[in-house]
Amino acid sequence: MHKKTVRDIEVGGKRVLVRVDFNVPLDKEGNVTDNTRIRAALPTIRYLMDKGAKVILASHLGRPKGTFNEKYSLKPVARRLEELLGKKVALAEEAVGEIPRRAVEQLGEGEVLLLENVRFYPEEEKNDEKFARALADLADIFVNDAFGAAHRAHASTEGVARTIPGVAGFLMEKEIEMLGRALTSPARPFVAIIGGAKVSDKIGVIGNLLSKVDTLIIGGGMANTFLSARGYNMGKSLVEGDKTELARELMEKASQGGVELLLPVDLVVSMAADPGAERKSVPVEEVPPDWMALDIGPESARLFGEAVGKAKTVIWNGPMGVFEMEPFAAGTFSVARALAESGAVTIVGGGDSAAAVEKAGVAGRITHISTGGGASLEFLEGKVLPGVAALSEK
Ligand code: ADP
Ligand code: MG
């Protein structure tokens, strides 16, 4: 990686501001229901503690829209982090100003302070220069370990790095290396599987990957638009009528570039997106007028699995069906298992895809599951992430 990391700088005795992604789900009582994101930041935090840094953590949580809201307080996160570290974590009730300044003064080497939600301030999302400087004033060095927020140019992800030097944390480094290597020097055959609800969400990703992959597999709701562009009647399926022309162009681009494009050959159709509704598998040319496609069929799953089996690199973004409902999850789980069983470097990006791999019980057998939904998508689109661009070059 061409960006500096925590390994490249001296941190002992320094005040280090670490932007982490502690945007975790909470239940009604305010308990953290999934601590994956907190655990993902531990290697960087522990490294800095071990090196004797004064660790100041900053994060957002939810969308409080620029005002204090108890519901989005990082208090429960501080408690959970304390449990995971086995060490006290102080919480500063303000992210900037006198309160954190004093808390930092009292912070010893190897100790951890968590700043309250940076999105309690409207200046955060506006990337306000003064607010960014106020954050930067708390520290000597900035470490960005929040890959999941790196696609946003906010004060705590981008602005601070203009005042104090910024380097990448271990999670950030791993994300950039895994995703970056797949895009720039993938072991071949390189297969991308794109799914999810809509073509419009993934135009950029498909466009960018088309010039890099050997095989592009399209499934999920967006496959309907491609199938419709090929002239199939999709019944009541989700089809983006205004995107069929684009789908045609993408298919044309694939064939000109010598990219193998795989679409579903059969589908699981139902009268309604309802687990109780009647359903059946049909070939793509036989979707009944009143039915809708909610998953890929077994023959498609077999075909897609075969392509994955031959691959050396696989990128997967977007479920193959409405996997949240058990009757329409088979296609998605089948692809998840194919990734787990393949000898390829396998990378999963996207919030729902990561959840699907987890639900399929194969998360431990995937090479890299990106922690950044929107960020990984923008990275795969070939965009420069502002939070990464702001970090110091090696
Ligand atoms: P990711 O978060 O991994 O990037 P997306 O958000 O793009 O994935 O897509 C996930 C959503 O797509 C899921 O909620 C799923 O129910 C929906 N989906 C998948 N297939 C279909 C389909 N055939 N019809 C309607 N929705 C679908
Ligand atoms: Mg999603």
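Visitor: In which pocket does ligand 1 sit?

Guide: In this predicted model, ligand 1 sits in the second largest pocket. That wording applies because more than half of the atoms of ligand 1 lie within 2 Å of the grid points of that pocket.

Visitor: What makes Gly 221 a polar contact of ligand 1?

Guide: A polar backbone atom of Gly 221 is 3.1 Å from a nitrogen atom of the ligand. The cut-off for a pair of N or O atoms is 3.5 Å, so this pair with Gly 221 is a polar contact.

Visitor: How do you know that Asp 352 and Ser 353 make polar contacts with ligand 1 too?

Guide: For Asp 352, a backbone N or O atom lies 2.9 Å from an oxygen atom of ligand 1. For Ser 353, the atom concerned is a polar side-chain atom, 2.5 Å from an oxygen atom of the ligand. Both distances are within 3.5 Å, and therefore both pairs count. As for the surface, ligand 1 taken alone exposes 580 Å², of which the protein buries 81%.

Visitor: Which residues come nearest to ligand 1, and which element gives the most to its shell?

Guide: There are 17 residues around ligand 1, and the nearest are Lys 202, Gly 221, Glu 324, Asp 352 and Ser 353. Helix α12 gives the most to the shell, with three residues. Both β12 (292–296) and α12 (351–359) supply at least two. By class, the shell holds five nonpolar, nine polar and three charged residues.

Visitor: Why is the space of about 60 Å³ called a cavity?

Guide: It is called a cavity because a 1.4 Å probe fits there but cannot get out. By this rule, with a threshold of 30 Å³ or more, the count comes to one cavity. Among the residues lining the largest cavity are Asp 21, Arg 37, Asp 145, Phe 147 and Thr 371. Helix α1 (residues 36–50) gives the most to this lining, with three residues.

Visitor: What volume does the largest pocket have, and what lines it?

Guide: The largest pocket holds about 730 Å³ of space. It is lined by 28 residues, those closest to its centre being Thr 36, Ala 354, Ile 369, Ser 370 and Thr 371. Two or more residues each come from α1, α6 (170–184), α12 and β15 (368–369). The largest share, five residues, belongs to α1. By class, the lining has 11 nonpolar, 11 polar and six charged residues.

Visitor: How do you know that the peptide bond joining Arg 188 and Pro 189 is cis?

Guide: Its omega is about 5 degrees, and the bond between Arg 188 and Pro 189 is cis. Pro 189 is placed in the loop between α6 and β7 (190–194).

Visitor: What makes the phi of Lys 65 notable?

Guide: Lys 65 has a positive phi of about 55 degrees although it is not a glycine. Most residues other than glycine have a negative phi, and most peptide bonds are trans. Lys 65 lies in the loop between β2 (54–58) and α2 (75–85).

Technical notes:
Residues are numbered from 1 along each chain as its sequence is written. Chains are lettered from A and ligands numbered from 1 in the order in which they are written. This is a predicted model: local features need pLDDT of at least 70, side-chain atom pairs count only at pLDDT 80 or more; totals for chains, interfaces and linings use all residues. Side-chain values use heavy atoms; hydrogens and water are left out. A residue is near a molecule or strand if one of its heavy atoms lies within 4 Å of it. A polar contact is a pair of N or O atoms within 3.5 Å; within protein, one must be able to donate a hydrogen and the other to accept it, and residues adjacent in sequence count only if both atoms are side-chain atoms. Accessible areas come from the Shrake-Rupley method with a 1.4 Å probe; for residues, only the protein chains shown count as cover. On a 1 Å grid over the protein atoms alone, a cavity is a set of points where a 1.4 Å probe fits but cannot get out, and a pocket is an open set with protein on both sides within 12 Å along at least five of seven lines; lining residues have an atom within 4 Å of a point. Helices (H or I, at least four residues) and strands (E, at least two) are DSSP runs, numbered from the N terminus. Ala, Val, Leu, Ile, Met, Phe, Trp, Tyr, Cys and Pro count as nonpolar, Asp, Glu, Lys and Arg as charged, and the others, Gly among them, as polar. Grid points are joined across faces, edges and corners, and a volume is the space filled by probe spheres set on the points.
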